[in-house]
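This report describes the fold of one protein chain, moving from its overall dimensions to a single sheet and the helices beside it.

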Amino acid sequence: MAVIGGGPGGLYAAALLKRLDPAREITVWERNSPDDTFGFGVVLSDETLGGIEHADPVVYAALRRDFVRWDDIDIVHRGVRHTSGGHGFAALGRRRLLQILHERCRSLGVELRFRAEAPDPARLARTYDLVVAADGVHSTTREAFADVFRPRITAHRCRYVWLAADFAFDAFRFEIAETEHGVMQLHGYPYSRPSPDHAPSARPPGPRDPCASTVIVEMREEVWRAAGFDEMPESESVERCAKIFADALGGRPLKSNNSAWTTFRTVVNERWSHGNVVLLGDAAHTAHFSIGSGTKLAVEDALALAACLREHASLEKALTAYETERRPVVASTQRAARASLEWFENLDLYVGQPPRRFAFNLLTRSRRVTHDNLRLRDTRFTEAAEREFGCPPGTPPMFTPFRLRGLTLRNRVVVSPMDMYSAVDGVPGDFHLVHLGARALGGAGLVMTEMVCVSPEGRITPGCAGLYTGRQAEAWRRITDFVHAQAPGTAIGVQLGHSGRKGSTKPMWEGMDEPLDDGNWPLVAASPLPYKPGSQVPRALSRAQLTDIREQFAAAAVRAARAGFDLLELHCAHGYLLSGFLSPLTNHRTDAYGGSPQKRLRFPLEVFDAVREAWPGDRPMTVRISATDWAEGGTTAEDAVTIARAFAAHGADAIDVSTGQVVADETPEFGRSYQTPFADRVRHEAGVPVIAVGAISSWDDVNSLILAGRTDLCALARPHLYDPHWTLHAAAEQGYEGPGVAWPAPYRAGSRRPRTGRTDAPRPRLALGD
């Protein structure tokens, strides 16, 4: 077996593979000297350490002797330090980690070749049974077989440099410096310190580095250039960093190890193996250093690879099992790392937050640490953040009120618009009464209708509801009356829209976005572009038709007011008519309604103004937008801020920030709360309240997003299909009984979780191994 790369991942893989089968002949090639290392300290989680302990107790024991452990995170911003405890970190010097792994490999009989370039990967593949490519982010192996691995490498916006300090921080420290050139940040953590005097036996003696900490300095590219770091020699650059963060360092100097400013690159590969060649660690994937997972992932890769080779008879099955096991774990970590990375890229958006809110926002930036999780780790810190936010005692953030114009919502939960395709001739019936009524009884602050169409031709499907006739308005009045009478304190809102080029299609369960087999009606849009191959080609709207549609929206708004709705949302997202004007991918007009962003905004704003004039002045209006098209050349997050500002200037009370569904060939980046960063950016850059949507599925997520200041309201769809009483149950599970939610009188007996069968049966007293 050949291992290319003598970093922690490659060395640990070699040691495990040799330990599991001493007959294996394993050679490791490392281009650097044994004592060369880049970076200074390495952080590993307790989970990873547990895996190491079971796989190789010798390595674990050596690591345990040298680990520095601590629980606190210090966040210093504008001269104020906030400390959050209970986090649990373990770190040691990277050089010491490599020494431990070198010793283990040698003791097992692994051949280590230092200062030696590995032979060509194709040659190794011909002469060895297995080639493990652990050659890092700049992997030559990956590039040699790029047509098979198909890597995607994304460079990001910040410059950073790895440095060290000759003292041990007391905690993991984040320090923010607001300079004349822009915002800079320091990430620091200890990786070596003397054993505590009061517990001499806690750390058996062994070789270790003197007191030391890793220090990473990071800033946006434009800040880096404005500060002149791009033109400074290394020594001057290091001195400048020490001066900027003199308070954090206590005036001490920083030291370098051929440290160069660089940009982080996210590596994703479509495949991790090719024949008998397999990628491991940074060669296969990278995760931003701000969540400390690079070495962790590499070590866990090594554990999984060794286990899969042991469990499967053939190499092909073993490598397939390795990738199948590790890919979802890595993808989850990379999503968290990207969220953390982007948070620091946009740090200037948050520096104006109140101190504790800023600290809470930083701690929960990756969405791996949440409100509930942080409450368990450090109740005092979390409660202080809640008080600063304005939560009454015992009140979770999601159950605080929020005011939009003349409407006060009693909590921050919104039942998101969900198309039901169950109306007849646009008239909502008993299904809608039960559907919306049940969700209103379920405790949400605001219940939204599906997209209600402003004309027969503006429907998506024949089953779509409308507000283009008096009969439809009367049917809606029946529903709003029920909500107001039976669920007092719950508001109900209507979403008005027009399908545009995505109309005249089958209901979702019969073929989403597929044209009707018969009975089609003609479509209109900003431009004559079909939604996808096989879709009907719409007609480009004339000026007269634009006026007609604008009046249809205004007339529907009048009916909505008479029907008793508390809030109106204008649907300018998901590729429907108004969204089709906003996106450059769907608006190819050359008149006053196409071209620049301002021209593409013109018709949606005309419609908004007409609806705002027809809608009662004391009732709020929101606008749903697609903040990105998830497609090259389409709407971007920067465009979304421009769009939001425009609607806010015309009187929108909040922006409902969704994404995508504008073009059929989109490539969305799905994941938990995956759309919330767009809402966060709109909120902070456009200065307008926002509603966040997109795979928000737990009350813990809602509390986290609200308290961090990333959104004002959270809209949930599928969770409310699964559980119409989602909000009531969220209150019960948190032990909350305040004014932010109310159980209907007939349901109060269900406000406590029903008793279940016994779950505390005695556990087996013996566990026998192999």
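## Overall form and central barrel

A compact globule of 770 residues would have a radius of gyration near 27 Å, and the 29 Å of this chain agrees with that expectation. The model is predicted. Along the principal axes, the C-alpha atoms occupy a box of roughly 85 × 65 × 60 Å. Of the 770 residues, 58% are buried. Among contacts with a separation of 6 or more, 72% link residues 24 or more positions apart. The chain exposes about 32100 Å², of which carbon and sulfur atoms supply 50%.

The secondary structure consists of 26 helices and 28 strands. How many strands form the closed barrel, and in what order do they run? The closed barrel has 8 strands in the order 19-20-21-24-25-26-27-28, with parallel pairing. Neighbouring strands of this sheet are turned against each other by 30° on average, direction ignored.

Within the barrel, strand 20 (residues 446-453) runs parallel to strand 21 (residues 491-497), and 6 bridges join the two. M448 stands opposite G493 in strand 21.

Two helices are described by their contacts with strands and by their direction.

| Helix | Residues | Strands touched or crossed | Angle |
|---|---|---|---|
| Helix 19 | residues 543-562 | lies across strand 21 and strand 24 (567-572) | about 165° to strand 21 |
| Helix 22 | residues 637-649 | touches strand 24, strand 25 (621-626) and strand 26 (654-658) | about 165° with strand 25 |

Strand 24 is thus met by helix 19 and also by helix 22, which packs on the sheet.

Note on methods: Residues numbered from 1 in each chain as written. Predicted model: local features only at pLDDT ≥ 70, side-chain atom pairs only at ≥ 80, totals over all residues. Heavy atoms only, no water. Pairing = 2+ DSSP bridges. Helix = DSSP H or I, 4+ residues; strand = E, 2+ residues; numbered from the N terminus. Axes fitted to C-alpha atoms, helices over the stretch in contact; angles between N-to-C directions. Contact = heavy atoms within 4.5 Å. Rg over C-alpha atoms; globule rule 2.2 N^0.38 Å. Buried < 20%, exposed > 50% of the residue type's maximum accessible area, 1.4 Å probe, protein only. Areas by Shrake-Rupley, 256 points an atom, 1.4 Å probe, with all protein chains shown as cover.
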